[in-house]
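Reader: I'm new to this one, so could you walk me through it step by step?

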Amino acid sequence: MSNFSLLARDLPVSDLAERLSLLPELWDLTTYRQEYEGTAHGDSKTIFVRGPVSTDNVLDCIDCYQDDLIVLELAPLAGLMDAIDQILGIQFVGRVMLVKIPPGGKVLPHRDTGAYARFFARFHCVIQGRCEFFCDGEQFNPTPGDLFTFNHQITHSVAVPVTEDAVDRIHLIFDAAVPGFTGALWRSR
């Protein structure tokens with residue numbers, strides 16, 4: 001696959017999944033990502049751990065704020081991010097969010113654009129559930145504990161299948177400057 005890179009498997013995600021199940025109210029604190037006009041993320045809910053300092057020009061806003069109350073509530077996230085940092089060698093972190101999509105939900109086809117997408121690489125760590133992730137004709141089906149990156153600057157979409165044992169798909173999505181992985185790197189591949 002040329003648009004996806006699986007970076008690690010079996011990361012310790014169960015403690016974070018358990019903590020999220022105890023705090024359902026966190027999913028409704030910030031709703032602009034799924035509610036803005038033309039959003040591809042209408043079926044999702046997002047918890048911003050680190051978000052843009054301004055939504056006025058969100059595609060070009062590189063500066064982020066950290067929600068220290070969310071960080072405290074989601075204590076297992078720190079250990080998971082430490083494990084990820086050991087793998088990636090993160091130099092600079094941008095936005096960090098947890099994104100939930102219910103069975104039958106989807107992320108519509110879209111591209112991440114603007115200065116923000118060009119600066120950062122986008123990484124996903126699967127916390128819970130399954131999904132079908134599409135990027136420029138390729139399909140990737142990550143499983144809980146997988147850490148991967150993909151070319152977020154070309155058209156991508158997600159579908160969460162409805163099965164008998166389906167649960168909400170929850171991903172830790174974060175943007176970072178990492179040696180060998182920048183948003184611009186994907187453009188040159």
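Author: Sure, and one definition comes up right away: two strands pair if DSSP finds at least two bridges between them. Keep in mind that this is a predicted model.

Reader: Okay, so which residue in β4 does Ile-47 stand opposite?
Author: Start with the strands: β2 covers residues 45-52 and β4 covers residues 92-101. They pair in the antiparallel sense over five bridges. Across from Ile-47, in β4, you'll find Leu-98.

Reader: And which strands stand at the edges of the sheet?
Author: The sheet is open, with seven strands in antiparallel pairing, ordered β1-β9-β6-β11-β4-β2-β3. An edge strand here has a single partner, so one of its sides is left without a neighbour in the sheet. That describes β1 (4-8) and β3 (64-66).

Reader: How much does the twist average from one strand to the next?
Author: Follow the order β1-β9-β6-β11-β4-β2-β3 through the sheet. Going from one strand to the next, the twist averages 30°.

Reader: What angle does helix α1 make with β6?
Author: Helix α1, residues 14-21, packs on the sheet and touches β2, β4, β6 and β11. Compare its direction with that of β6 (121-128), and you get about 75°.

Reader: Now the aromatics: are the rings of Tyr-116 and Phe-120 stacked, edge-to-face or tilted?
Author: There are 14 aromatic pairs in the structure. In this one, the ring centres of Tyr-116 and Phe-120 are 4.8 Å apart. Planes under 30 degrees apart would count as stacked and over 60 as edge-to-face. The planes of Tyr-116 and Phe-120 are at 45°, so the pair is tilted.

Note on methods: Residues are numbered from 1 along each chain as its sequence is written. This is a predicted model: local features need pLDDT of at least 70, side-chain atom pairs count only at pLDDT 80 or more; totals for chains, interfaces and linings use all residues. Side-chain values use heavy atoms; hydrogens and water are left out. Rings of Phe, Tyr and Trp (its six-membered ring) pair if their centres lie within 6.5 Å; planes under 30 degrees apart count as stacked, over 60 as edge-to-face and the rest as tilted. Helices (H or I, at least four residues) and strands (E, at least two) are DSSP runs, numbered from the N terminus. Axes are lines fitted to C-alpha atoms, for helices over the stretch in contact, and angles run from 0 to 180 degrees between N-to-C directions. Contact means heavy atoms within 4.5 Å.
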